[in-house]
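This report describes the fold and selected side-chain environments of one protein chain. The sequence and the structure are displayed first.

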Amino acid sequence: MSDDYTRYLCELYFNDFPNHNDIKKAVIDVLGDSMPMYNEIDMMELSGEKIGFKLYIRLPQTSSTLLREKLNSINVIFDDIFHRDLRHYHLEIDQNGTEHVGIAIELEDDSWDLYYEEGSLEEKLRQSDEYPDVEGYGFLLGKIEASEIKQAPEIFKKIVLMISE
């Protein structure tokens, strides 16, 4: 895993999880309560009433078993409440006054899919068999490894320029 931890998200609504404080305590016991390993955000009704909270955690592989055991001891199954917090990056380039918009989306295996969302190449991509149109994302341009994510804007630009020719 990249950075030796995995990002997870948990949404705890008070009505659905009467033991929300026990869950939070188990997480804090394992990870501590300071960023970047742990972050809590309140969920509010429009009226301003707090109805729950979101926990964003970075779970080191070495702490995974301990957290699962602590949650099991209060009859909570980790995989039922925590979900991978997959990241994404928006990409935009301007090529001679023409804007091209893309997105890189993190996958479960820590690689990233790179998509062309909108711009003047949409029709050309639609006619191509090389770049499948994935509903909700755009045209799949390819996959990049986690180690290459910082170069995503340059990779996106290179692919766009190649398709433009």
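In which strand does E106 lie? E106 belongs to strand β6.

## Basis of the description

The model is predicted; local features require pLDDT of at least 70 and side-chain atom pairs pLDDT 80 or more, whereas totals for chains, interfaces and linings use all residues. Residues are numbered from 1 along each chain as its sequence is written, and side-chain values rest on heavy atoms, with hydrogens and water left out.

## Overall architecture

The protein chain contains 5 helices and 9 strands (DSSP runs numbered from the N terminus: helices are H or I of at least four residues, strands E of at least two). In sequence order, the pattern is β-α-β-β-α-α-β-β-β-β-α-β-β-α.

The radius of gyration is 20 Å, against a value near 15 Å for a compact globule of 165 residues (taken over C-alpha atoms; the globule rule is 2.2 Å times the number of residues to the power 0.38). Along the principal axes, the C-alpha atoms occupy a box of roughly 60 × 40 × 25 Å. Of the 165 residues, 37% are buried (under 20% relative accessible area with a 1.4 Å probe, protein chains only; exposed is over 50%, partly exposed in between).

## The four-stranded sheet

One open sheet has 4 strands in the order β2-β3-β1-β4, with antiparallel pairing (two strands pair if DSSP finds at least two bridges between them). Its edge strands, β2 (38-44) and β4, each pair on one side only. Strands β1 and β4 are joined by 2 bridges, and Y8 has R84 in β4 as its bridge partner.

Helix α2 (residues 61-73) packs on this sheet, touching β1 and β3, and its direction makes about 135° with that of β3. Helix α1 (residues 20-31) lies across β1, β2 and β3 (50-60), at about 25° to β3. For these angles, axes are lines fitted to C-alpha atoms, for helices over the stretch in contact, and angles run from 0 to 180 degrees between N-to-C directions.

## The five-stranded sheet

A further open sheet has 5 strands in the order β5-β6-β7-β9-β8, again with antiparallel pairing. The edge strands here are β5 (88-95) and β8 (133-134), each pairing on one side only. Between β5 and β6 (residues 98-106) there are 8 bridges; H88 stands opposite I105 in β6. Helix α5 (residues 152-164) packs on the sheet and touches β5, β6, β7 (112-118) and β9 (138-144), its direction making about 45° with that of β5.

## D85 and E106

D85 is located in the loop between β4 (83-84) and β5. Leaving aside neighbours within four places in sequence, D85 is in contact with R7, Y8, L9, Y56 and E106 (contact means heavy atoms within 4.5 Å). E106 is buried, with a relative accessible area of 3%. Not counting residues up to four places away in sequence, E106 touches R84, D85, L86, R87, S111 and W112.

## Aromatic and charged groups

The whole structure holds 6 aromatic pairs (ring centres of Phe, Tyr and Trp, the last by its six-membered ring, within 6.5 Å; planes under 30 degrees apart are stacked, over 60 edge-to-face and the rest tilted). The rings of Y8 and F78 have centres 5.0 Å apart and planes at 85°, so this pair is edge-to-face. The two residues, 70 residues apart, link strand β1 (residues 5-13) with helix α3 (residues 78-81). Both Y8 and F78 are buried, and with F82 they form one aromatic cluster.

The charged end of K24 sits over the ring of F53, 5.3 Å from its centre (the criterion is NZ of Lys or CZ of Arg within 6 Å of the ring centre and within 35 degrees of the ring normal).
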